[in-house]
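Biologist: Please take one part of this model and look at it closely, beginning with the nonpolar core and working outwards. Which residues touch the most other members of the largest nonpolar core?

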Amino acid sequence: GASRFTPYGAGGGANDEDDAAPPGLAPIGHDVEVERVVHHVALVEHVTLAPARADGAVPAEPCASLVKMWRVRNTSPSGGAWPATVRLVHSDGHRFFSPAETIVDTGDAQLPPGGELVVMIDVTAPPDAGRYKGTWRLVAPDGTRFAGDRLHLCVDVCVPQDADDNTPVPLPSASWVGTDDVDTASSATAADDSATTAAATTTTTTTT
């Protein structure tokens with residue numbers, strides 16, 4: 001009779017051994033599990049903005065432009081190299097007006113086990129006084145988050161103080177050095193000059 005071709009996994013029989021897929025092939029209609037490689041990272045040091053206090057905070061003035069740099073190491077237990085394209089993704093806390101994610105410069109090369117590199121991001125201190133903390137993680141191209149250390153930044157925003165009386169110094173603003181100040185100073189100078197001239201005239205008249 002005519003032969004019938006049945007694809008693997010579509011025989012319909014509960015124990016149809018003829019429908020079994022050859023070794024290494026998944027039957028049609030079945031999910032294929034792909035094992036993701038999990039990379040590991042360890043923080044070596046804070047290259048910039050190292051915690052200056054026991055609580056890990058770094059003092060900064062409002063709206064200060066800062067560059068945060070961490071040195072990290074590939075500590076993957078499987079001995080795998082990091083991919084050439086690694087992303088630094090903000091995961092918690094304040095972003096300090098930085099992008100939600102950025103590409104880590106690996107020099108277009110995979111980082112071998114035990115290798116180190118510097119992760120850098122540009123941040124800006126918030127305008128209001130207070131304590132702010134942000135957290136970032138390294139993420140592989142397929143979206144898998146690195147295991148191990150997270151990268152933190154904690155900033156204490158402080159208004160500059162007068163060294164004599166510890167009174168907060170007002171921050172410069174558009175009106176702080178505006179034309180009103182210049183006009184007031186000129187008017188005061190003109191008034192003083194007028195008074196001096198009037199006094200000189202009175203003295204001369206009396207003498208005559």
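**The core and the strands around it**

Modeller: The largest nonpolar core has 26 residues, and those that touch the most other members are Trp 70, Val 72, Trp 82, Leu 88, Val 119, Trp 136 and Leu 138. Two or more residues of this core come from each of S3, S4, strand S6 (116-124), S7 and strand S9 (151-157). Such a core is a set of buried Ala, Val, Leu, Ile, Met, Phe, Trp, Tyr and Cys residues joined through side-chain atoms within 4.5 Å, where buried stands for under 20% relative accessible area, exposed for over 50%, and partly exposed for what lies in between (1.4 Å probe, protein chains only). Strands are DSSP runs of E with at least two residues, numbered from the N terminus.

The model is predicted, and local features need pLDDT of at least 70, side-chain atom pairs count only at pLDDT 80 or more, and totals for chains, interfaces and linings use all residues. Residues are numbered from 1 along each chain as its sequence is written, and side-chain values use heavy atoms, with hydrogens and water left out.

The structure as a whole has three aromatic pairs. In one of them, the ring centres of Trp 70 and Trp 136 are 5.7 Å apart with the planes at 50 degrees, so this pair counts as tilted. It joins distant parts of the chain, since Trp 70 belongs to strand S3 (residues 65-74) and Trp 136 to strand S7 (residues 130-139), 66 residues apart. Trp 70 is buried at a relative accessible area of 0%, and Trp 136 is buried at 0% as well. Phe 96 and Trp 136 have ring centres 6.4 Å apart and planes at 25 degrees, so their pair is stacked. Phe 96 sits in the loop between strand S4 (86-93) and strand S5 (101-104), 40 residues from Trp 136 in S7, and is buried at 1% relative accessibility. Ring pairs thus join Trp 70, Phe 96 and Trp 136 into a cluster. Rings of Phe, Tyr and Trp (its six-membered ring) pair if their centres lie within 6.5 Å, with planes under 30 degrees apart called stacked, over 60 edge-to-face and the rest tilted.

S7 also carries charge pairs. Arg 131 makes a salt bridge with Asp 55, with the closest N and O atoms 2.5 Å apart. Arg 131 lies in strand S7 and Asp 55 in the loop between S1 and strand S2 (58-60), so this pair ties together parts 76 residues apart in sequence. Arg 131 is partly exposed at 48% relative accessibility, and Asp 55 is partly exposed at 42%. The side chain of Arg 131 also meets that of Asp 156 in a salt bridge (2.8 Å, N to O); Asp 156 is in strand S9, 25 residues from Arg 131. Asp 156 is buried, with a relative accessible area of 9%. Asp 55, Arg 131 and Asp 156 therefore belong to a network of salt bridges, a salt bridge being a side-chain nitrogen of Lys or Arg within 4 Å of a carboxyl oxygen of Asp or Glu.

S3 has a salt bridge too, in which the side chains of Arg 71 and Glu 45 meet (3.2 Å, N to O).

Note on methods:
Helix = DSSP H or I, 4+ residues; strand = E, 2+ residues; numbered from the N terminus.
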